Amino acid sequence: MALKRTSLPRTAEAVALAELRDAIVRGDLPPGAPIRQSAAAEELGLSVIPVREALKTLAGEGIVTYVPQRGYTVTELSPQSVDGIFRIRELLEGEAEANAAARMRPEDIAAMRTALEAQRAAVAGVDVPGTISANRNFHFALLDRCDNEWMLRFIRQLWEALEPHRALAYRRAAAAGDAVRAEAILGEHEGIVAAFEQNDFPLALRLLAEHRTGGRSDFHRLLVVDAAPV
């Protein structure tokens, strides 16, 4: 499962939660993958109890799914689930981005530019985890300026529910040598940060909304591939 124990001073449950979450976001545990509690506990050098509690937390966030008699698996999204997630993202992120844009500082815009350059380097190096991390850093350099912590809490949960599928999509594109969509995303990010650099906040917010719509289409295309017969 490619889990690894870190040296940070955390509780056993916190270790299990962090490592399971990271493995899912990296794509080492793709959508539909079973998570066996005993195997995960052995890899992490923990007892089963903290692993079980961590899985319950992830299930509450929608990242994993529990089925009686079958155990835990990484959640697989349906087209309806994708539409539901993105509809809520439109409502929450649109307001959070407008709130944050009014509070943006030069250093926040600089952080967006830095994240974009890191994403550009990760795409060029076919570094899927690095691409995912930089993409998230780009968006949250803005979102974290929102002063509504409850709104941000729900937005983060929605992002995490999509991360396993995002990792799968990026890995498939990298394996196929298809950089077209990755380059398109970089272009969209460039337009967004350039609008902020020019203090054209209405344009930046419009581009962000269009970018989110494109993201929903990306996830739908991924689900079509998953449903295709082999």
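# A guided tour of a predicted protein model

Start with the whole chain in view: with 230 residues, a compact globule would have a radius of gyration near 17 Å, and the protein has 18 Å, which agrees. That radius is taken over C-alpha atoms, and the globule rule is 2.2 Å times the number of residues to the power 0.38. What you have open is a predicted model, where local features need pLDDT of at least 70 and side-chain atom pairs count only at pLDDT 80 or more, while totals for chains, interfaces and linings use all residues. Residues are numbered from 1 along each chain as its sequence is written, and side-chain values use heavy atoms, with hydrogens and water left out.

**Stop 1: the whole chain**

Switch to a cartoon view and you'll find nine helices and three strands. Helices (H or I, at least four residues) and strands (E, at least two) are DSSP runs, numbered from the N terminus. Follow the chain from the N terminus and the elements go α-β-α-α-β-β-α-α-α-α-α-α. Now show the C-alpha trace: along its principal axes, the trace spans about 55 × 45 × 35 Å.

Try a surface next. The accessible surface comes to about 11400 Å², and 57% of it belongs to carbon and sulfur atoms. Such areas come from the Shrake-Rupley method with a 1.4 Å probe; for residues, only the protein chains shown count as cover. Of the 230 residues, 42% count as buried. Here buried means under 20% relative accessible area, exposed means over 50%, and partly exposed is in between (1.4 Å probe, protein chains only).

Colour by charge and you get 27 positive and 32 negative side chains, with the centres of the two sets 3 Å apart. Lys and Arg count as positive and Asp and Glu as negative, while His and the chain ends are not counted. The place of a charge is NZ of Lys, CZ of Arg, CG of Asp or CD of Glu.

**Stop 2: the sheet**

Select residues 34-35, which are strand β1, and residues 71-74, which are strand β3. Add residues 64-67 for strand β2. Together you have an open sheet of three strands in the order β1-β3-β2, with antiparallel pairing. The edge strands are β1 and β2, since each pairs on one side only. Two strands pair if DSSP finds at least two bridges between them.

Zoom in on the partners. Two bridges join β1 to β3, and I35 has Y72 as its bridge partner in β3. Between β2 and β3 there are four bridges, one of them matching T65 with T73. These two strands form a hairpin with three residues between them, and Q69 in the turn has a positive phi of about 75°.

**Stop 3: H165 in α7**

Now pick helix α7, residues 149-175, and click on H165. H165 has a relative accessible area of 2%, so it is buried. Who are its neighbours? Not counting residues up to four places away in sequence, H165 touches P31, T75, E76, L77, F219, L222 and L223. A contact means heavy atoms within 4.5 Å. Across the protein, 73% of the contacts with a separation of 6 or more are between residues 24 or more positions apart.

**Stop 4: α5 and α6**

Go to helix α5, residues 106-124, and find A115. With a relative accessible area of 8%, A115 is buried. Put a distance line from A115 to A134: they are 19 residues apart along the chain, yet their C-alpha atoms are separated by 5.2 Å. Setting aside neighbours within four places in sequence, A115 is in contact with A134, N137 and F138.

Slide on to V126, in the loop between α5 and α6 (128-143). V126 is not a glycine, but has a positive phi of about 50°. Its relative accessibility is 53%, so V126 counts as exposed.

In helix α6, select H139. H139 is buried, with a relative accessible area of 8%. Apart from neighbours within four places in sequence, the residues in contact with H139 are W159, H189, L208 and H211.

**Stop 5: the loop before α9**

Finish at N199, in the loop between α8 (180-197) and α9 (201-227). Is N199 buried or exposed? N199 is exposed, with a relative accessible area of 59%. Check its backbone too: phi of N199 is near 60°, a positive value in a residue other than glycine.
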